[in-house]
Every structure is written in C-alpha cells, then in structure tokens.
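Let's take a walk through a protein fold, one piece at a time. Keep the 3D view open and turn it as you read.

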Amino acid sequence: MHFLKAGGPFGRHLRTWHVLSAFLMAMAVVAYFMLFPSNGARSVPNSPCRPTDAAREDTPAASGPDLDLDGDGYVDLVYEIFDTENLDVIVVPGSEHGPDHDRMTVLTRDDLGVPDDIQTGDDLGRPTAADLDEDGHTDLVVSGAAQVLWGGSKGPQADAAHGRVPLPGSGYFTAPIAGDFDGDTHTDLAVFRHSNEDQELVVLRGPFERSGTPAQTVEIPSPVQDGASPVLVAGDANDDHATDLAVYDSPWDPPLLFTGGAHTASGLSKKLERLPQGENVVFGDFDGDGRQDVATGRSFVDSDDEIDTPHRRGQVSVRYGKEPGKWTTMDGGDLEEGFGTELAAGDFDGDGCDDLAVQLTKKKEKGDARIVVLRGGSEHGLGSEPWRATERSVPGDDAPASGTLFAAHDWDGDRRAELALLGGDRWWITDGTDHDEASFPVAPSKK
C-alpha cells in the first residue's frame, strides 16, 4: 500500500526592540502572538475561547462528518482500504481510551455491495458519514460508487440495507462529501466527476430516499482546468449557516470557494472566490468567536520528487470569520522543508478554540513526515508555536516510522482532539503534545 510522505521542523523567533510606551509594547505583544510563533506553547491572556463543554450551535447543518456511527457518544475511526481487486471499509469504534482496535469491524466489498468495476486509487480513502434519510442514524457513503450502507442503532452493519446514490455518467474516484449547500437543513452531497469527455461538479440535494435517490441532481461545469483532480472540502466561511464548498487541486493553482445558500439550482454560488494559492484547505474556529475561519497551506513542494523545491519556507494563510476581507500569512519551518503540506483543525488543548496541525515535508515520497500544531486562542487566533512530532517506532521494528497526517477528531471523548497519523502501515493516535496514545496496524491481521 502506498502512503504519502512528508517532514521537517518548524520554528521562528521574534526579537522585540526598544519601545517608547506601554501602548506600543502591548501592540508588539499582539503582533508576536499573531505572526511569530515562539519556542513554547503559550496560553494567550483573556482568551474568549469557549469552555469545551459549551455547545457550538452555529455550526452549519451537515458541515462535517458525523462519525459516531453507533451513537455511543464516541467518534469512530473510519477509513477505506483498497487495491486493484479488494475494497474494505474499516470501522474502529471510539471509546474512553480512544480507538479500540480490538473491536475493529471489517466491511467487505460484498458487504457494501460495491461493484467489481469501480475505480479505486492506492491510498486510504474516506467514506462519508451522514444521515441521508433523516431517520436519526448515521449512514455511510462508500467509494466512487457512492454505495450507501444505511445506519441503525448499532451503526452500519454488514447485513444492513443497501442503497446507491445514482451519479450521472462515470469517472468518480472518491465518495461524495456531505454538507447543507442550499441551507434548507437537509443533508446534500457533492462530488467531482473525472471524465475524459466532460469533467463536472455534481451536487445531489437531499433528503435522500432509502434507495439512495436524491431530491434533485445538479451538474455544474468543472471550475478547474482540464486534467485536474480536485479535492472537495465543506465548511461555513461566511457564517450564514449554509455550507460552502472549497475546491483545490495543486499548490500552483489557487483553491476556489463556492458560497452556499445561493439562489441557484445547486445552492452554490455561480461566482467563485479565489483563495490564496495552496494545496489544501481546512475550516476551523481558531479565535473562538463562534465563526468558522479558513486556512490554506502552501508547501512549495511538488508532488513529483524529481522537481526541485524552491529555496523558501512554506506558508499557511488564514482568514478569520470576523475579518472576511483580510488574509494573514505565516511562514514556517526552514527553507525547502515544506511547511503546509497537509492541514487538520482540532481543539487539541481543550480551551474551546481550534488549533491547526500542519505537516512538513521535503519530498512527498520520502518518509520524513513531521507535524507541528499552531495554537488557537484569544481574539487574535493562531499564534504560538507548539510541539514537534517525535519519531515513532514499535518494539522489534527495524526503524522508526514517520507519521503522515490523516485526520483530527476526539476519539476518547475527553473534549480534546487527537491526531490520527499514518506511518509504517500503522495508525498512531497522538494527543496535542506529541504523546502517542495508541498504535495499531492499519489493516487487520489475516488469520
């Protein structure tokens, strides 16, 4: 199985020179926390971050994965494993101790009803978890076939009823993502169609019938160049409670943002916003004001390791919900270290503000992945340097393995997010300080 690789350290220091007044000194401290990470994770005074037990009622409907499949209060780790012949969906239940691999469930291609001719890649996939039929149970949408395994009180089961979301034409490589794109409180799906004849963005409006049929299917001409393989990310960038859709392809083309809640057939705006150039986009509330912020990462590392990386640092650009017209850009790592290769948002320290996990890499096919976390907090958002990920190894292994960023969730229910890292065909579940909480194989052992 092939995994993306990445790595490198992060660091930047600010030296504060003489100031003429206490006011100017205070302003310098503000700039320090906003733009220049220090060597230690520091809490910012007077942080308005919400308590971790406060409900975030302003999150848009269906804006993120509902990964508590069995309704026990713990988020489950869910992923697809596929090769040229097989496709399995693995469910690792969450628990008070995090993902419980001893209770791992394997749903096979036959269990899921995925056709034999469905096209797959060679990296781990992400099924979509959402309540499509509005029965109160989380359903799974799997692979480019958009096969649906309907949920129940115990979560999706191998013998559960199946459906399939009918997608126009062919050329789908990943499962559709969920969001309320038209703002009507029903879950919708969006997916990109890769076709030699006609690339397009497909939006399937909910609610969905048990067969998998949506209320409406809308096809939108591709917003990206021919031959692109864009990734879709859902979030609420303008605080209107309708899900927006970010589309990004490569570090050399700017990500695009469709605004949700528009008066169009799909619910998405016709006019696209160009975000700062980068190879990934995430949404999170980094300053704790209840509005989602947008972050993009640009590592300057090409996906082809034969192409030299420019002699410069990577970047993360952030736009806060309270300042929709302003972007703040932070350089990170050392020269050619690829700060910004992957991003994930989560509240790792439990202060009520999301933090930003950033992966670094020198070459994307090399096993040198490193992760740093920029701490969210105060009205100024991201600012202080955090931890560096340590090398990871299992007793008896020949060498340590790098951990490549996959996802961030609170799998143990302690109201602090953990990171799921991939390394050496293993999962590494780590907290926000670089402490490994669990490690287990990605694929179940074959008996």
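Start with strand β18, where both faces are covered: G314, V316 and V318 are buried on one side, and Q315, S317 and R319 are buried on the other. Why do the residues split into two groups like that? In a regular strand, side chains alternate between the two faces of the sheet. For β18, the tally is six buried residues out of six. Keep in mind that you're looking at a predicted model, not an experimental one.

What does β18 pair with? On one hand there's strand β17, residues 293–298, which pairs with β18 in the antiparallel sense over five bridges. On the other hand there's β19, and this pairing with β18 is antiparallel too, again over five bridges. Find V316 and you can follow both links: V316 is the bridge partner of G297, and V316 also has M330 in β19 as a bridge partner. What holds paired strands to each other in a sheet? The pairing goes through backbone hydrogen bonds, and it can be either parallel or antiparallel.

Now follow the chain out of β18. Between β18 (314–319) and β19 (328–332) there's a loop, and G321 sits in that loop. Leaving aside residues up to four places away in sequence, G321 touches R291, Q292 and D293. That D293 belongs to β17, which covers residues 293–298.

G321 also leads us to another part of the chain. Count along the sequence and D236 is 85 residues from G321, yet in space their C-alpha atoms are 9.3 Å apart. Where is D236? You'll find D236 in the loop between β12 and β13.

D236 is worth a pause. This residue is buried, but it has no salt bridge. How far away is the nearest side chain of opposite charge? That's R319, at 8.9 Å, while a salt bridge needs the charged atoms within 4 Å. You've met R319 already, as one of the buried residues of β18. What the side chain of D236 does reach is backbone: the nitrogen of N238 at 3.4 Å, and the nitrogen of D240, also at 3.4 Å.

The strands on either side of that loop are part of a sheet. It's an open sheet of four strands in the order β12-β13-β14-β15, with antiparallel pairing. At the edges are β12 (231–235) and β15 (273–274), each pairing on one side only. Five bridges link β12 to β13 (residues 244–248) in the antiparallel sense, and within that pair V233 stands opposite A246.

Next, jump further along the chain for another open sheet. Its four strands come in the order β23-β24-β25-β26, and the pairing is antiparallel. Here the edge strands are β23 (404–409) and β26 (436–441), each with pairing on one side only. From one strand to the next, the twist averages 20°. Look at β25, residues 426–430: five bridges join it to β26, and the two run antiparallel. One place to look is I429, whose bridge partner in β26 is A438.

Finally, zoom out. How many helices and strands does the chain have? The count is two helices and 26 strands. Of the 447 residues, 52% count as buried. And if you take contacts between residues at least 6 apart in sequence, 52% of them join residues at least 24 apart.

Key
Residues are numbered from 1 along each chain as its sequence is written. This is a predicted model: local features need pLDDT of at least 70, side-chain atom pairs count only at pLDDT 80 or more; totals for chains, interfaces and linings use all residues. Side-chain values use heavy atoms; hydrogens and water are left out. Two strands pair if DSSP finds at least two bridges between them. Axes are lines fitted to C-alpha atoms, for helices over the stretch in contact, and angles run from 0 to 180 degrees between N-to-C directions. Contact means heavy atoms within 4.5 Å. Buried means under 20% relative accessible area, exposed over 50%, partly exposed in between (1.4 Å probe, protein chains only). Lys and Arg count as positive and Asp and Glu as negative; His and the chain ends are not counted. A polar contact is a pair of N or O atoms within 3.5 Å; within protein, one must be able to donate a hydrogen and the other to accept it, and residues adjacent in sequence count only if both atoms are side-chain atoms.
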